[in-house]
Amino acid sequence: MKQTLASSLESIRDEAIRSLEDIHNLEDLHDWEIAHLGRRGALTQLLRQTGQLAPSQRPAFGKRANAIKAELQQLLEERSALLHERALMHDLEHGAIDVTLPGRHFHRGGIHPSTQTLRNFYEIWSEMGFQVFRSREVEDDAHNFEMLNFPPHHPARDMQDSFYTDRENIILRTHTSPGQIRAMHALSDNGTQPIRVILPGMCFRYEQISARSEVQFTQVEGLAVGRALRFSDLKGTIHEFAKRMFGDSVRVRYRASYFPFTEPSMEVDVECFLCKGQGCSVCKHSGWLEVAGSGMVHPVVLRNGGYDPAIWSGFAFGMGPERLTMLKHGIHDIRYFWSNDIRFLEQF
Ligand code: DAH
């Protein structure tokens, strides 16, 4: 019996050492630890039987058992260190990072060229005291035409062929001008307060698509209404905008024109910023670029917006960001703007 316990001790040790050789990962090592050194492990079980030995034998047995326990503990730690080392080497090899490789290009979205121009507009106009007013893209005929002084069947409607919806008199706005009526009603407190707004947004026209015209485009409308606004205020405001947009030395000229909702009406040209008025292909050798339509708000429009035209007056203007963007970057075809060709968009 005595002999058996002592030899069991040795065979537990031998078995533990041998099986440790076959352990190749940390989970198995953990199992091994439980099996050999745990509270229910073989060694612990055996130690519980110490009482069966003659008292004189117990110290030697206990001493040997503790030595084995320490030995196994030591081997366990060594094995554990080895396996950790191996796992690290494996990671380094398989997840190797080559710090000399060139970085991977990180594709970030860009800001659409029209949006860039729009933001430029917002900045300038807000510095000049104009707030942004967003008006609807789906309009009724009344706001898009009638209230802007386009009578039914008036030939001026032909200037802007509309997309109709299947709801009667509901169309996609052909310009941002209907926003004038909406802004006047929303912001003037029943025609008692002055307003200064810009109205940016998408417009739609049923047109033959070509390099020069698209069925959708953005406009930025401007509207100021006050008690004594005059034509010179309009000219001064436009000139100030042009200076901030194109530089202090820019020259501006006005040409008489016609729009139903303004009287008088005019077209605004700025000196070509590419050739400085010398004449080039962009300005078609005229030295001037057309950048806006404008005029004094027609009394009918003021009245439709809730103002008394005997007391109030105003001026308005309309600009096309795409056109300006095309001029600025020498883009020859407006169709690029909405064709979602990444090669085009990436250039901005
Ligand atoms: N709505 C006009 C168009 O789309 C542009 C325009 C001209 C707007 C004169 C205005 C203006 O506010 O005063 O052709």
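In this predicted model, the ligand is surrounded by 16 residues, of which His 175, Ser 177, Arg 205, Gln 219 and Glu 221 come nearest. When the residues of this shell are sorted by class, 10 of them are polar, 4 are nonpolar and 2 are charged. The ligand itself sits in the largest pocket. Three elements give two or more residues each to the shell around the ligand, namely β5, which covers residues 216-226, β8, which covers residues 288-297, and β9, which covers residues 313-319.

Several polar contacts, counted as pairs of N or O atoms within 3.5 Å, can be described individually. The side chain of Gln 219 places a polar atom 2.8 Å from an oxygen atom of the ligand, and the side chain of Ser 177 has an N or O atom that is 2.9 Å from a nitrogen atom of the ligand. In the case of Phe 317, it is the backbone that takes part, with an N or O atom lying 3.3 Å from an oxygen atom of the ligand. The ligand exposes 360 Å² when it is taken alone, and 92% of that area is buried by the protein.

With regard to the arrangement of the whole chain, the assignment divides it into domain 1, spanning residues 2-94, and domain 2, spanning residues 113-345. The centres of domain 1 and domain 2, when taken over C-alpha atoms, are separated by 88 Å. Ser 177, whose side chain contacts the ligand, and Gln 219, which does likewise, both have numbers that fall within the bounds of domain 2.

The backbone also has some local features that deserve separate description. Most residues other than glycine have a negative phi, and most peptide bonds are trans. Against this background, the peptide bond that leads from Glu 263 to Pro 264 is cis, with omega near -5°, and Pro 264 is found in strand β7, which comprises residues 262-271. A positive phi, near 55°, occurs at Asp 189, a residue other than glycine, and Asp 189 lies in the loop that connects α7 (178-187) with β4 (195-204). Lys 276, which is not a glycine either, has a positive phi of about 55°, and the place of Lys 276 is in the loop between β7 and β8. Strand β7 thus holds the proline of the cis peptide bond, while β8, on the other side of the loop that contains Lys 276, is one of the elements that contribute to the shell around the ligand.

Methods
Residues numbered from 1 in each chain as written. Predicted model: local features only at pLDDT ≥ 70, side-chain atom pairs only at ≥ 80, totals over all residues. Heavy atoms only, no water. Near = heavy atom within 4 Å. Polar contact = N/O pair within 3.5 Å; in protein donor to acceptor, adjacent residues only side chain to side chain. Areas by Shrake-Rupley, 256 points an atom, 1.4 Å probe, with all protein chains shown as cover. 1 Å grid on protein atoms, 1.4 Å probe; cavity = no way out; pocket = protein on both sides within 12 Å on 5 of 7 lines; lining within 4 Å. Sits in = over half its atoms within 2 Å of the grid points. Helix = DSSP H or I, 4+ residues; strand = E, 2+ residues; numbered from the N terminus. Nonpolar A, V, L, I, M, F, W, Y, C, P; charged D, E, K, R; others polar. Domains from an automatic or database assignment.
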